[in-house]
Amino acid sequence: MRIVTLLNEKGGVGKTTIAFHVAAGLAVAGFRVLAVDADAQGSLTETMGFEQSAALYDLIVRNRSFKDVLRYVRPEVYAYPKRKVRGQLFLLSSNVETQSIASNSKDALAFVRRFSELHQAVDFVIIDTSPTPSLLHGAIYLATDAILYPTKCEYLSFRGLQNSFIHREENERYRSQFNFAPITSLGIVPNIYRHGTLEHRENLAELRENYGNLVWEPIPQSTIWTESSRVHRAIWNYASGSPAAQHGWNLLKRFLEAIKHVKPTKS
Ligand SMILES: Nc1ncnc2c1ncn2[C@@H]1O[C@H](COP(=O)(O)OP(=O)(O)OP(=O)(O)O)[C@@H](O)[C@H]1O
Ligand SMILES: [Mg+2]
């Protein structure tokens, strides 16, 4: 099992959208996947068509069992046209109570401990996070094997990215106290990209200069992303054949390539 977290300390860059599509795409590709909504806004929960609820809080603070809190996601909402979904997708939903998980849980390793129960049952855990750094992020950093960073090609998103890198360094020091191997940077995904603007083109070039191969192909801005999220469906399911759907699937292919090199960081 590998745990991958979506991070950028700037809002609206596509963390939730990409978390859903990576999780859904992995399930299409045959993996058993758990998507975790670790943001008190509950956006991933709603994007995936569920009511907000305190599943994550129940798991971590109230110590409920996975079988009581997991939600099964129907393949009809994320299947790729003409492909049989060979894996499975589950969701751990969130609501405003997620905000107080860290302060109400005495065990810093609670995420590590609870997710390790899934060792045999799940191939990937994909965690969506809030843009505001919090104690909860600290607990998530401990559990994470790899991070994917979505960003817009704009100044404030880059600042968010830099702040994420700074906090990640601090958390690496914390992890080393437990002898956990360092987290892998899976990639940076330039999202909501507008090739027609000089600002975006220049900023993408700067991103590539600074981070080289870590920068994935940009995902162009398209209203189809917002529409598919409104109807709670994966983009390739909602608008199959559209360029946006192709970009969504390319993201998954890139993810599968990058994840090959990632090993679990805890034995
Ligand atoms: N490539 C894209 N083109 C156009 N709209 C997009 C694209 N990707 C995401 N969006 C839209 O942008 C908005 C923000 O995306 P999303 O909620 O995934 O960002 P986020 O980083 O999770 O935000 P927050 O930090 O507030 O949780 C959503 O309305 C989403 O549908
Ligand atoms: Mg979000």
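## Pro-133 and its surroundings

In this predicted model, Pro-133 occupies the loop that links strand β5 (124–129) to helix α7 (135–143). Is this residue buried, exposed or partly exposed? Pro-133 has 17 C-beta neighbours inside 10 Å. A residue needs 20 or more such neighbours to be buried and 12 or fewer to be exposed, so Pro-133 counts as partly exposed.

Which residues does Pro-133 touch, if those up to four places away in sequence are not counted? They are Glu-9 and His-167. The fold also brings Pro-133 and Lys-10 to a C-alpha separation of 9.7 Å, although their positions lie 123 residues apart along the chain.

## Overall form

The protein contains 12 helices and 8 strands. Its radius of gyration is 17 Å, close to the 18 Å given by the globule rule for 267 residues; the protein is therefore as compact as a globular protein of that length. Along the principal axes, the C-alpha atoms fill a box of roughly 50 × 40 × 35 Å.

Of the 267 residues, 47% are buried. The contacts also show how the chain is folded: among those between residues at least 6 apart in sequence, 79% join residues at least 24 apart.

## The sheet

Strands of a sheet pair through backbone hydrogen bonds, and the pairing may be parallel or antiparallel. Here, 8 strands form an open sheet with mixed pairing, in the order β3-β4-β2-β5-β1-β6-β7-β8. The edge strands, each of which pairs on one side only, are β3 (71–72) and β8 (219–220).

Strand β1 (residues 2–6) has 4 of its 5 residues buried, so this strand is largely enclosed by the rest of the structure. On one side of the pairing order stands β5, which β1 joins in the parallel sense over 5 bridges. β1 also pairs with β6 in the parallel sense, over 3 bridges. Val-4 illustrates both pairings: this residue stands opposite Ile-126 in β5 and opposite Ala-146 in β6.

Strand β6 (residues 146–151) is in turn joined to β7 by 6 bridges, and these two strands run parallel. Two residue pairs can be located along this pairing: Ala-146 stands opposite Thr-184 in β7, and Pro-150 stands opposite Val-189 in β7. Strand β7 is mostly covered, with 8 of its 10 residues buried.

## The nonpolar core

How many residues does the largest nonpolar core have? It has 76 residues, and those with the most contacts inside it are Ala-23, Val-33, Ala-35 and Ile-126. Helix α1 gives the most to this core, with 9 residues.

Ala-23 shows how these residues meet. Apart from its neighbours within four places in sequence, Ala-23 is in contact with Val-33, Ala-35, Leu-89 and Ile-126. Ile-126 thus links the core to the sheet, because Ile-126 is among the core residues with the most contacts and also stands in β5 opposite Val-4.

## The surroundings of ligand 1

Ligand 1 is surrounded by 19 residues, of which the closest are Gly-11, Lys-15, Thr-16, Thr-17 and Pro-131. The elements that give two or more residues to this shell are α1 (15–28), β7 (184–193) and α10 (223–230). Helix α1 therefore appears in two settings, as it contributes to this shell and gives the most to the largest nonpolar core.

By class, the shell around ligand 1 holds 12 polar, 5 nonpolar and 2 charged residues.

## Two residues with positive phi

Most residues other than glycine have a negative phi. Ile-192 has a positive phi of about 55° although it is not a glycine. This residue is found in strand β7 and is buried, with 21 other C-beta atoms within 10 Å.

His-232, also a residue other than glycine, has a positive phi near 60°. Where does His-232 lie? It is in the loop between α10 and α11 (235–238). His-232 is partly exposed, because 16 other C-beta atoms lie within 10 Å.

Conventions: Residues are numbered from 1 along each chain as its sequence is written. Chains are lettered from A and ligands numbered from 1 in the order in which they are written. This is a predicted model: local features need pLDDT of at least 70, side-chain atom pairs count only at pLDDT 80 or more; totals for chains, interfaces and linings use all residues. The radius of gyration is taken over C-alpha atoms; the globule rule is 2.2 Å times the number of residues to the power 0.38. Two residues are in contact if their C-beta atoms, placed from the backbone, lie within 7 Å. A residue is near a molecule or strand if its C-beta atom, placed from the backbone, lies within 6 Å of it. Ala, Val, Leu, Ile, Met, Phe, Trp, Tyr, Cys and Pro count as nonpolar, Asp, Glu, Lys and Arg as charged, and the others, Gly among them, as polar. A nonpolar core is a set of buried Ala, Val, Leu, Ile, Met, Phe, Trp, Tyr and Cys residues joined through C-beta atoms within 7 Å. Two strands pair if DSSP finds at least two bridges between them.
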